[in-house]
Structures are given as C-alpha cells and as structure tokens.
Amino acid sequence: MKNAISADSGNETAARDLRLDFFRGLALWFIFVNHIPANQISWATPRNFGLSDATEIFVFISGYTAALVYGRTLDRQGMPMAAAQVLHRSWTLYATYIILFFAYTAQIAYTARAFDSPLFAEEMGIAGYFQDPVTALTQAILLKFRPANLDVLPLYIVLLLAFALVLPALRRRPLGMLAGSAALYLAARQWGWNLPTYPDGGVWYFNPFTWQFLFVMGASLQFQPDLRTTLTRFRRPVAVAAGAVLLASLFLTLSWKFAPLHALIPVWLTEILYPISKTDLDPLRLLHFFALAYLVLWLVPAGTSWLRGPLAAPVLACGRQSLHVFCLGVLLSFAGQTVLVHVSGSLSAQFLVTVLGIATMVLMARFLNWYQSAERARRHRVAATTKMGT
Amino acid sequence: MARRQEQGRGRRLLTVTAILLAATLFVSPDRILAGQSAAPSVDPACAVPDSILAPGGVLPRVSAQLAAGLPLSVLVVHSAKSPPKPGIPGYPARLEGELKRRLPGRQVSTAVLSLPGEAAPAMVAPLTRAVENQRPALVVWQTGTVDAMRSLDLESFGTALQSGIAEVQRRGADIVIMDMQYSMHTAQLIDFAPYVSYMSWLSQSSDVFHFPRYDIMRRWVEDGRVDFADESDEAKRRSYEFVHQCIGQLLAQSVATMIDPLSIGRRTGASN
C-alpha cells in the first residue's frame, strides 16, 4: 500500500512492468493481422503454432492491468471512485463499440449490394442481415448482434462491468474470488452457459462465463505479488513440462494442417482432446497459455534491457493505448481487407498492408501517449498555479 | 552413320520409357485403373492441385452396389434455396450428367433435398428420413453455411455432423460432406474457418470424404479464374455458371476416383 502511494508522486510508468505493455501491444498486432482474411502473413501469428492465441494474452493482461489501475484507485480514493472509473471505462468501450458497429454496418451494406449475386444469395441470403434493420440495430445496442472481428470488445465490456462489482472483494480476498471464478468457469463449461446473440440461436463467440476466469486470474495475481513470484520462479522440471506442453500443442496445431501428422495421434487420444473450444476457453488452451507465459516470463525477466530499446518502443506504445489501438486495428483490418480485395491481393500488397497498418497503429499510440503526458503536465501546472494563487 | 546413332538413341529412349511405364504400372496399379475409369477429366479452368483436393480411400457401399450391377443413386442434401434464380442448373443438377460421363454404361440418378436456411443440427432428422425413404447409395451433404453465418456453437455443429454421418452410414449409404462457398467479401463478414477446419478434421479422423469447396473456390479466386467483385449482371451470371459447373465436375470426379476400380472394371469387361 505504501508503495502504491509513493508511486503516486509522479512516476507511475517507472513502476509499471514494461512486459505488460509489450506483450499486450504484440497481441494487438497479432489481432490486427489475424483480422484480415486475405492476409497470408497471419500465418506467422501464434495461433498457428499453439493452442492459445493473442486473445488469451490480451484478456489476461487486461485483467492484470485493470487490477493494477483500479486497485490503486480503490486504495487511495475508495470504492465509489474506483467503481466510477471502471464504469467510465466501460462506457468509453461501449461508445467505441457502437462507432465500430457503424463502420461495420457500412461494410455489410456495401457487401450486401455487391452480393446481390445469385451464387451467394441462394446459399447465404446475405441480404437477410438487412431485412430488418430495426431489429438488427436494437440488438446491436444490446451487444447481441455482434459483427465478426468485434467479438473481443463486448467480452471486455461485460468483464469490466462485472469487475466494478467484484473489485473490493477481489482486493481483500483474491484467492477466494479466484476460486469462485474457477467454479463459474467449470459450471459454465459443464452446463453450457453462454449469452445469446442475434440472429437467434447463436451464442457469444467469447463466452464471458468462461473467459472471465482468465481475466480474474490476471487480476488476482496482480493483487498477490508473493504468489506471483512463487509461481513464476524458475524450476527446471516445470520449465521442461512447459516446454513439452508447447511442443505437444505445436504438433497438434500442425496436425490440423498436415493430415499425416494427425494420423500419428491415436484415436483414443483425439477423443479425449477434441473438441478444443475457443468459445468456452478449453482447459488445453489455458494450459498452453500458462506454459507459454511461464517460459516467456523466464526468458524475458522484469528488467530486461531490450524492452527499453528502440526495437520494443513501438510495441510498448501500442500496448499502453490498448483500447484505441485495438479499435483502430479493427477499422484498419476492414480497410486492409478492402484494399487486398479490390486493388491487389499479391503477397507484396499483403506485406505492405500489414506494415502500413501496424505503422498507423504505432503512430496513433505515440500521439496519444504524447497527448496524455502533455495533458497531465499541463494539469499539474494549472493546479500548481491555482494553488499559488489562493 | 549419324542417322544410325540417332536411331539408337531413339530406341534407347523408347526402352527407358517402357521401363518407366512398367514401373509406374507395377508401383501403382490402382492409380492407373482409377485414371482409366474416370476417363473424362475436369476442365483445366476448374482443376485444383492435389494439395487442395485429393480424394483418397474408397466408397465401399457405392462400390458394392456398382459391383452388384445396381444403378448409382445419389442424394444431395443442401441448405440452399431450391430453384436457382438465373435458370442455370446448379451443381446438384449437373452431378448426374457428370457422373454418367465418368461411369459409362451405368445408370445414375440423383435426387435433391433442399433445407434452405437450416443449420446442421436441424438437417439431421430430415436427412435421415430421406435416406430411410429413398435408400440412396451415396449422400452428398452440404452444410455449415448457416451455422457459420449465425456463429452457432461449434460443438453442437460437430455433434450434428457426426450423428448425421452415422445415421446415413447405418442405413447402408456412403456419405461425402461439403463445406461452404468462398468469397473474400463473405469471408470478411462471416468467420467460416472454424467450421471448415472442423469438417476437414472430422474427415481426417473418420473415413468420410470432405469435399473442400471453400478451399477450391478460394484457389479459383486467388488464381483470378473467377471474379466475384465484378458487379455486372453478366459477370454474376458467368461466375454462377462457372462455380456450379466446376463444382459439379470436381465432385463427380472425386466420387468416381473413390469407386473401387474393380467394381466397375469387371462390369466394363463383361459388357465389352
């Protein structure tokens, strides 16, 4: 608590673990690349090398940083302020979601027009999306009509809203809350709980009842530095086991692409392993994520020098402005896809779209970082002058 | 002198070719026979490399029926609207003719069951009933489109797929599963990938052939053989025709390749 207060005296960024920003920034880059279907460069992202992917990284770190930021407010200014901050953040996210939804709607309208083609109309009836705009819009406002690629945002909003409620309990009894979260995770998997989507019959792509577990785990680990150190301490057997998990999931992932590899896996084993559900955050995905996190945290310890170097700087900038960069990434991936469809889909065009997209994300993140620190400095100055004046 | 040398070289070349041919025959008699039985190949414009479409294995029930001299009856079950708009026959209608071309002298009949707008779980019961009533030798089941569009639960999709396959096989028919159409526009709006990979995974882990329409169409788009971005009516009609014709050909070709060559080879020999 004392530490938290002393950090208040100005240098918050120095206390912050740069790895949080770095890996969240990296996850955002991956999400951007993965959201362009025509982009073959997405082959290079983690989802093709293991069971878990950028979403796990993003949700876990979001839980961790939410606990860091709002836990600090809770300690200093109490529950009402912390709750207000969380709700304010949720509201920002929600507004962003609606803005992105409109961009997406324009995209559908365009596609529906282009796809008044009998070939697709007979099987997909794409125009059906627009048959009842009133329903579609009201459902969108209720987060039920969720365009593809925007799935993470509704999940994040719901998790943050719930976070406002559980924050005090989480602060006081992190382990108890984690146990409760694990119970909810298991129950949701057992009884198939999920939230509905429009059109009827669908479910949320990221089931909030299961994905909350990763978020809460991040948050409760943030509140328990001792447990964190114990868990992440290097032990050879654990490292070997983690390495084995990574290799096994690499093999599994490759076996989805190359049938001969799949043939090597005995049938009884596949019956146990599959299906590996992303919607319900399969335990195997969790296991892979923990193994990955364990090894990465060992390979990249807290004070790693290259995190301060020029190569990591663009990634760090994006990680610090995760919400804006995420949203910009969604818009850019729409734009990138359009360019690849209509202008050129060549490999060099894909490369160019990827590089330009990431560069735009970095530019905006840098601008926002500059703006925020300048704004903070300005407010300090104003506060100082008013104080002197009175 | 020079002439003789040339002749000698020519003879040697012939010998080498003969040896190579014999070796090929010796190594893979199946392949050669399958190639013969499926004599009319696909249009070069439709063809895709083996890395995308490589029908393997045998359709045992179809082969047995053909070996017994029975006609080949095919039931196509799909989730598309039944009568195609532009008056151009779709792939289900083309399948019969394409199969007949590949199975000369054999009777082929196809029936179509349209379940427009239905997801896989809702298709299982009508599919089973139709197989029960019509007793086809082969079922082509196109599904997954609606499931992906409505982003329905992947697990219930998989369960439905497996139970549909089991019901068809229990009734003595072979089954081929077919996935969704591809275009960049639709792929941007709808996340097909998990459903496609579930289908291909399922076919890898069972003996069911998965006809990879999604990947085939994607290859055509990438090669520029078909352009869905062109909005003129003429272009739409052309791409409709191209896709249905090629899907019909490739599907018939895959089925013909998976018929045990002996089951038709014997018949052809007898009729000659």
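This is a short walk through a predicted model, starting with chain A and ending with chain B.

Let us begin with how far chain A can be trusted. Its average pLDDT is 85, and 89% of the residues reach at least 70. The start of the chain is another matter: across residues 1-14 of chain A, pLDDT stays under 50, and the model has 6 contacts beyond four places in sequence for this stretch. Where pLDDT is low, the predicted coordinates should not be read in detail.

Just past that stretch, look for helix H3 of chain A, residues 18-34, and then for helix H16 of chain A, residues 313-320. Two packed helices are described by the angle between their axes and the distance between the axes. Here the angle is about 90° and the axes lie 7 Å apart. H3(A) and H16(A) are therefore roughly perpendicular to each other. On the H3(A) side, the residues making the contact include A:Leu18, A:Phe22, A:Leu26 and A:Trp29, while H16(A) brings in A:Val315, A:Leu316, A:Cys318, A:Gly319 and A:Arg320. By character, the residues of this contact comprise 9 nonpolar, 2 polar and 3 charged.

Next, turn to helix H10 of chain A, residues 208-222. How long should it be? With 15 residues at 1.5 Å a residue, H10(A) should span 21 Å, and its end C-alpha atoms are indeed 21 Å apart, so the two values agree. This helix is mostly covered, with 14 of its 15 residues buried.

Finally, move over to chain B, which holds 12 helices and 5 strands. Of its 272 residues, 47% are buried. Among contacts in chain B with a separation of 6 or more, 83% join residues 24 or more positions apart.

Note on methods
Residues numbered from 1 in each chain as written. Chains lettered and ligands numbered in written order. Predicted model: local features only at pLDDT ≥ 70, side-chain atom pairs only at ≥ 80, totals over all residues. Helix = DSSP H or I, 4+ residues; strand = E, 2+ residues; numbered from the N terminus. Expected span 1.5 Å × (residues − 1). Buried ≥ 20, exposed ≤ 12 C-beta atoms within 10 Å, placed from the backbone. pLDDT = per-residue confidence, 0-100. Contact = placed C-beta atoms within 7 Å. Axes fitted to C-alpha atoms, helices over the stretch in contact; angles between N-to-C directions. Parallel < 35°, antiparallel > 145°, perpendicular 65-115°, else oblique. Nonpolar A, V, L, I, M, F, W, Y, C, P; charged D, E, K, R; others polar.
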